[in-house]
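Thank you all for making the time this morning. I would like to walk slowly through one model with you, and I will begin as soon as the picture is on the screen.

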Amino acid sequence: MRSRTRRPAPRAAPALNIAFPIDMIATVLHRSLRRGAAALCLALAAPAFAQNALDDILAKKVLTVAIPTDSAPYGYVGTDLQPQGLDIDVANLIGAKLGVKVELVPVTSANRIPYLQTKKADLVISTLGKNPEREKVIDFTIAYAPFFQAVFGPKSLSVKTPADLAGKSIGVTRGAMEDQELAKIAPAGLDVKRFEDMNGTVSAYAAGQVQLMGVGASVAGNFMAKNPQVSTEFKLLLKDSPNHIGVAKGEDKLRVKVNEIIAAARASGELNKLCLKWLGRPIGDLPG
Amino acid sequence: MIALDFAPVLAEWPLLAKGVAVTLGLTATAAIAGVALGVACAWARLHGQPWLKAIVGAYVELIRNTPFIVQLFFIYFGLPGIGVKLSNETASVIAMVVNLGAYAAEIVRAGIATTPKGQIEAAQSLALSELQVFTRVVLPPSLQRVWPALVSQIIIVMLGSAVCGQISTNELSYAVNLIHSRNFRAFEATFVGTGIYLVLAMALRRLLNWAGPRFVFGR
């Protein structure tokens with residue numbers, strides 16, 4: 001749709017450059033309105049999206065990537081106020097292989113999929129796990145890094161099985177994988193408090209507003225390293241969910257191209273090197 | 001082009017209904033307590049001892065010159081640091097009351113300040129006590145004068161309560177965000193949420209315009 005509405009613009013532009021007589025503007029407006037309406041009808045009639053994201057990216061020489069800034073070490077803001085982390089390095093790697101400039105857009109767990117749906121981003125590289133609910137609305141590339149979500153809590157609290165969660169309070173990030181996975185195992189009587197982003201979830205745990213937190217391993221690891229005074233340990237595994245790159249539904253050309261790049265980077269050891277650098281462990285076995 | 005589909009959003013109507021109920025509950029509590037606090041602060045700023053004037057003045061300036069979300073986060077995430085742990089609902093209500101109190105104080109103070117001097121002197125000459133003069137002679141017409149501004153401020157606080165979802169209070173915007181994080185219908189969910197807020201705000205304005213003359217400053 002984006003390129004369809006945009007196409008008439010270059011043709012209309014020269015007319016607008018002439019001295020701006022009102023009637024001419026009116027004619028141009030009318031003409032573009034009619035074209036717009038025609039394009040709209042066309043788009044409404046066409047069941048699938050046009051697969052032109054890759055062409056657009058190569059033409060503009062800009063790749064827009066949605067990245068996290070609240071999930072160290074995958075994506076966080078460094079002391080120089082610039083985003084950094086594994087996801088940012090992967091974004092730059094893909095940009096370099098495509099030969100285009102990378103534009104980073106910070107997103108939260110809750111809004112990263114809408115960014116893709118509304119084409120505010122070409123790719124989502126944001127600790128995104130694959131699940132059937134998400135596959136209905138966006139497409140995924142092959143995995144590029146390992147990840148797992150779990151319940152973390154203080155040593156004084158005994159949580160060995162999902163049933164032990166009853167009567168306790170837990171913070172999760174709304175729309176994150178933890179939220180959905182927790183819903184599957186949560187017993188009645190578990191008080192789930194949902195926060196907008198990882199920082200909110202972790203702050204609530206640090207402030208003692210929730211007894212437990214359901215977060216990604218990296219977030220918990222980073223929190224434990226920086227807050228040794230807050231007793232925190234691994235309690236329950238929620239899900240092993242390696243990170244995939246999200247692509248808008250139906251953009252198969254772009255997805256196949258990114259898949260090629262990831263497969264090559266996995267084979268060459270480039271991704272393994274990034275995992276060692278940021279996660280301190282090798283990439284391990286990832287699904288296709 | 002995004003195909004619109006409202007069905008998955010409307011199917012979650014129990015969540016939306018609960019969100020509306022919580023938003024209204026928060027607003028009702030905050031409006032009553034906040035206006036009462038505002039009146040007390042307005043009195044204190046006009047008639048209090050110098051130390052009381054200074055404290056209330058500092059409170060009003062502090063609240064009116066900082067963002068609501070920062071006040072909310074201070075209460076919810078900050079206060080546990082000194083051992084005051086409040087639930088998310090309590091923290092939301094307190095933040096809203098404290099916020100509305102500061103704005104209402106200035107609005108009510110403006111109303112009181114425009115009371116004709118002769119009216120107060122007439123009341124005094126009838127041997128009314130200072131408290132009677134304030135509650136029976138000065139306050140009702142003052143509230144009547146500033147009622148439209150006060151109603152607007154209450155509505156602003158109700159709309160501002162959307163921020164309370166950030167600390168996991170189950171109000172309307174929290175419900176909307178939760179719904180679209182589950183079914184990814186972000187546009188439809190926010191569209192429905194916007195519509196509900198619009199209706200709530202207009203209904204609340206009518207209710208307050210009706211209730212004001214009857215229960216607050218009427219006779």
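Chain B of this predicted model has nine helices and zero strands, and if you read along its sequence you therefore meet the pattern α-α-α-α-α-α-α-α-α. As for its dimensions, the C-alpha trace of chain B spans about 70 × 45 × 25 Å along its principal axes.

Please stay with chain B for a moment, where we come to the second largest pocket, which has a volume of about 370 Å³. The pocket is lined by 19 residues, and those closest to its centre are Ala31(B), Ile32(B), Trp147(B), Ile154(B) and Leu208(B). Three helices of chain B, namely H2 (13-47), H7 (130-160) and H9 (186-216), each supply at least two residues of that lining. Which helix gives the largest share of the lining of this pocket? That is H9(B), from which eight residues come. When the lining residues of the pocket are sorted by class, 17 are nonpolar, two are polar and none is charged.

Let me now turn to the place where the two chains meet. Here 27 residues of chain A are in contact with 20 residues of chain B. The size of an interface is often given as the accessible area lost when the parts come together. For chain A and chain B that buried area is about 2,000 Å², with 58% of it on carbon and sulfur atoms. On the chain A side, the residues that lose the most area to chain B are Arg174(A), Arg194(A) and Gln209(A), which together make up 30% of what that side buries.

Within chain A, I would like to show you a pair of helices. Two packed helices are described by the angle between their axes and the distance between the axes. Helix H5 (residues 86-98) and helix H11 (residues 252-268) of chain A have axes that come within 10 Å and cross at roughly 110 degrees. Because angles of 65 to 115 degrees count as roughly perpendicular, H5(A) and H11(A) are roughly perpendicular to each other. In this contact, Leu93(A), Ile94(A), Lys97(A) and Leu98(A) of H5(A) meet Lys257(A), Val258(A), Ile261(A) and Ala265(A) of H11(A). By class, the residues of the contact between H5(A) and H11(A) are six nonpolar, no polar and two charged.

Finally, let us look at the enclosed spaces. There are four cavities of 30 Å³ or more, and the second largest cavity has a volume of about 90 Å³. Of the 16 residues that line this second largest cavity, Thr127(A), Phe147(A), Gln149(A), Glu178(A) and Met198(A) are the closest to its centre. Strand S6 (123-129) and helix H8 (177-185) of chain A each supply at least two residues of the lining, and S6(A) gives the most, with three residues. The lining of the second largest cavity has six nonpolar, seven polar and three charged residues.

How values were computed. Residues are numbered from 1 along each chain as its sequence is written. Chains are lettered from A and ligands numbered from 1 in the order in which they are written. This is a predicted model: local features need pLDDT of at least 70, side-chain atom pairs count only at pLDDT 80 or more; totals for chains, interfaces and linings use all residues. Side-chain values use heavy atoms; hydrogens and water are left out. On a 1 Å grid over the protein atoms alone, a cavity is a set of points where a 1.4 Å probe fits but cannot get out, and a pocket is an open set with protein on both sides within 12 Å along at least five of seven lines; lining residues have an atom within 4 Å of a point. Grid points are joined across faces, edges and corners, and a volume is the space filled by probe spheres set on the points. Helices (H or I, at least four residues) and strands (E, at least two) are DSSP runs, numbered from the N terminus. Ala, Val, Leu, Ile, Met, Phe, Trp, Tyr, Cys and Pro count as nonpolar, Asp, Glu, Lys and Arg as charged, and the others, Gly among them, as polar. Axes are lines fitted to C-alpha atoms, for helices over the stretch in contact, and angles run from 0 to 180 degrees between N-to-C directions. Angles under 35 degrees count as roughly parallel, over 145 as roughly antiparallel, 65 to 115 as roughly perpendicular and the rest as oblique. Contact means heavy atoms within 4.5 Å. Buried area is the accessible area (1.4 Å probe) that two parts lose on being put together, summed over both.
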